[in-house]
Amino acid sequence: GLEIAARILGISVSFQALLSLLLYLLKLSLTLGSLIGLYAFLLGLTLWGVFKRRSVRPDWTWLGAFVLFAIFLSWRLYQVKDLVLPAWVDSLHHVLIVRKMLEAGILPADLTPYLPGPFYYHYAFHASAANFAALSGLAPSQAVLIWGQVLNAGIGLSVYSLGKALFKDWKPALLAAFLVTFATKMPAYYLSWGRYTLLTGMLLLPLAAAAAVQWLQKDSHKNWAALILLTAGTLLAHYFTA
């Protein structure tokens, strides 16, 4: 359950970045109605894809995965309870880009009238944050703050996935997830840093690495598709993680 939840989150972020690029190339924009329709279709497709797999059956581990992610997310949201706006200088840029994407309904070619010059910044975070803002009705600043904590909590799941792929055992993988969520300074400090794009890369990188390990070990002949999507998402999230 944890591995599937982590992969769904990672592929969703990667897909939104690639979809934004495709719509930009086709010169198409999304309205709120079309965005809701697209997400409803993708949610149905995801549920169908999960439950049609013979190796996947709902059991207590799914409930455990939901509870664990809820704990991770509650901890990250608790850490931002006193913040009115996203912290530090980088957050200003991220909020501005999300605002521009909401206004344009598409990945922008530039940030005018706010800033001059072309836009080609790593935008996997901005695409998903803009969609979150559109669907939730939150202001860009609040969407960046809250969605950033969702991704930060998701890093625990992605680290679990990599640990499971490497160790073939859930116990050290779960320990690694708890360490990065509750013990280590990173990625919690990304909140103070405002490095939400790098945070997104650090969500996707362990998932891409886990898919690569499983593909090399031939655990699944279908992992090449996940590997391609997660690698593309990592490339569009942040140059350093790429």
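**Entry 1. Tyrosine 196 and histidine 94**

I started at tyrosine 196, which touches Pro86, Ser91, His94, Phe125, Val144, Leu145, Gly148, Gln149 and Leu191 once residues up to four places away in sequence are set aside. The model I am reading is a predicted one.

One of those contacts, His94, I looked up next. Histidine 94 sits in helix 4, residues 88-104. Is histidine 94 buried or exposed? Its relative accessibility is 1%, so histidine 94 counts as buried. With residues up to four places away left out, histidine 94 touches Tyr121, Phe125, His126, Val144, Gly194, Tyr196 and Thr197. I noted that Phe125 and Val144 are on the contact list of tyrosine 196 and also on that of histidine 94.

**Entry 2. The nonpolar core**

I then asked which residues touch the most other members of the largest nonpolar core. They are Leu2, Val13, Phe125, Trp147, Leu151, Tyr196 and Leu230, out of 52 residues in that core. Helix 6, residues 140-167, gives the most to this core, with 10 residues. For background, I wrote down that nonpolar side chains tend to be buried together in soluble globular proteins.

**Entry 3. Helix 1 against helix 6**

Helix 6 led me to its packing with helix 1. The axes of helix 1 and helix 6 come within 9 Å and cross at roughly 125°. That angle makes helix 1 oblique to helix 6. I logged the crossing of helix 1 and helix 6 as left-handed.

Which residues meet here? From helix 1 I listed Leu2, Glu3, Ala5, Ala6, Leu9 and Val13. Opposite them in helix 6 are Trp147, Leu151, Gly154, Leu157, Ser158, Tyr160, Ser161 and Lys164. By class, the residues of this contact between helix 1 and helix 6 are 9 nonpolar, 3 polar and 2 charged. Leu2, Val13, Trp147 and Leu151 take part in this contact, and these four are also among the core residues that touch the most other members.

**Entry 4. Helix 3 against helix 7**

I looked up a second helix pair. Helix 3 covers residues 60-79 and helix 7 covers residues 170-183; their axes come within 11 Å and cross at roughly 15°. Helix 3 and helix 7 are therefore roughly parallel to each other. Helix 3 passes helix 7 in a left-handed crossing.

Leu68, Ile71, Phe72, Trp75 and Arg76 are the helix 3 residues in this contact, and they meet Leu174, Ala177, Phe178, Val180, Thr181 and Phe182 of helix 7. I recorded 9 nonpolar residues, 1 polar and 1 charged for the contact of helix 3 with helix 7.

**Entry 5. Two buried positions, alanine 133 and leucine 96**

Alanine 133 belongs to helix 5, residues 124-136. Alanine 133 counts as buried because its relative accessibility is 3%. Apart from neighbours within four places in sequence, alanine 133 is in contact with Leu102, Leu138 and Ala143. I also took one C-alpha separation: alanine 133 and isoleucine 146 are 13 residues apart along the chain, and their C-alpha atoms are separated by 9.8 Å.

Leucine 96 is in helix 4. Its relative accessible area is 17%, and buried means under 20%, so leucine 96 is buried. Leucine 96 touches Tyr114 and Leu115, not counting residues up to four places away in sequence. The C-alpha atoms of leucine 96 and proline 116 are separated by 13 Å, with these positions 20 residues apart along the chain counted as their offset.

**Entry 6. Backbone checks**

Where are the cis peptide bonds I noted? One joins threonine 112 and proline 113, with omega about 5°. Proline 113 lies in the loop between helix 4 and helix 5. Another runs from methionine 186 to proline 187, with omega near 10°. Proline 187 lies in the loop between helix 7 and helix 8, the latter at 190-193.

I then noted two positive phi values in residues other than glycine. Lysine 27 has phi near 60°. Lysine 27 lies in the loop between helix 1 (2-26) and helix 2 (32-51). At 64% relative accessibility, this lysine 27 counts as exposed. Tryptophan 88 has phi near 75°, and tryptophan 88 lies in helix 4. I entered tryptophan 88 as exposed, its relative accessible area being 58%.

How values were computed:
Residues are numbered from 1 along each chain as its sequence is written. This is a predicted model: local features need pLDDT of at least 70, side-chain atom pairs count only at pLDDT 80 or more; totals for chains, interfaces and linings use all residues. Side-chain values use heavy atoms; hydrogens and water are left out. Axes are lines fitted to C-alpha atoms, for helices over the stretch in contact, and angles run from 0 to 180 degrees between N-to-C directions. Helices (H or I, at least four residues) and strands (E, at least two) are DSSP runs, numbered from the N terminus. Angles under 35 degrees count as roughly parallel, over 145 as roughly antiparallel, 65 to 115 as roughly perpendicular and the rest as oblique. A crossing is left-handed if the near helix is turned anticlockwise from the far one by less than a right angle, and right-handed if clockwise. Contact means heavy atoms within 4.5 Å. Ala, Val, Leu, Ile, Met, Phe, Trp, Tyr, Cys and Pro count as nonpolar, Asp, Glu, Lys and Arg as charged, and the others, Gly among them, as polar. A nonpolar core is a set of buried Ala, Val, Leu, Ile, Met, Phe, Trp, Tyr and Cys residues joined through side-chain atoms within 4.5 Å. Buried means under 20% relative accessible area, exposed over 50%, partly exposed in between (1.4 Å probe, protein chains only).
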